[in-house]
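Biologist: Got a minute to walk me through this one? I'd like to start with the helices.

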Amino acid sequence: MTAEAIDARITFHDDDEVMEVSFEDLTLSSSADVNAFYDRIEERIAASGQELWFFLVNLGDS
């Protein structure tokens, strides 16, 4: 999974201080995939300059 593909699943709602992550139709088939996904989320949070976010998780059909 590329950084661009992960980024497409991450949305920041700055006014509400909410970071939304979509897990809809996502398969993480190895620990490397899981680590890459969560590492990218952490990178995006760090790049936002905001330390505290509320999290909204979209699990889709779950």
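**Helix α2 and its surroundings**

Modeller: Sure, and keep in mind this is a predicted model. Helix α2 has 18 residues and spans 26 Å from first C-alpha to last, close to the 26 Å expected at 1.5 Å a residue.

Biologist: Which residues of α2 are buried?

Modeller: F37, I41 and I45. They sit on the same side of α2, because they cover an arc of only 75° around the axis.

Biologist: And what's on the face turned away from that buried side?

Modeller: That face carries the exposed residues S31, A32, E42, A46 and A47.

Biologist: OK, back to the buried ones. What do they pack against?

Modeller: The buried residues of α2 pack against α1 (3-7), β1 (10-13), β2 and β3.

Biologist: Which residues make up the largest nonpolar core?

Modeller: There are 11 in all: I6, I10, F12, M19, V21, F23, L26, F37, I41, I45 and W53. α2 gives the most to this core, with three residues.

Biologist: Take M19. What does it touch further off in sequence?

Modeller: Leaving aside neighbours within four places, M19 contacts I10, T11, F12, I41, I45, W53, F54, F55 and L56.

Biologist: Switching to strands: how do β2 and β3 run, parallel or antiparallel?

Modeller: Parallel, with five bridges joining β2 (residues 18-22) to β3 (residues 54-58). E20 stands opposite L56 in β3.

Biologist: And which hand does the β-α-β unit have, right or left?

Modeller: β2, α2 and β3 make a right-handed one.

Biologist: Last thing, what's phi like at G49, just after α2?

Modeller: Positive, about 80°.

Definitions and conventions: Residues are numbered from 1 along each chain as its sequence is written. This is a predicted model: local features need pLDDT of at least 70, side-chain atom pairs count only at pLDDT 80 or more; totals for chains, interfaces and linings use all residues. Side-chain values use heavy atoms; hydrogens and water are left out. Two strands pair if DSSP finds at least two bridges between them. Helices (H or I, at least four residues) and strands (E, at least two) are DSSP runs, numbered from the N terminus. A crossover is right-handed if, with the strands pointing away from the viewer, the path from the first strand over the helix to the second runs clockwise. The expected span of a helix is 1.5 Å times one less than its number of residues. Buried means under 20% relative accessible area, exposed over 50%, partly exposed in between (1.4 Å probe, protein chains only). The arc is that of the directions from the helix axis to the C-beta atoms. Contact means heavy atoms within 4.5 Å. A nonpolar core is a set of buried Ala, Val, Leu, Ile, Met, Phe, Trp, Tyr and Cys residues joined through side-chain atoms within 4.5 Å.
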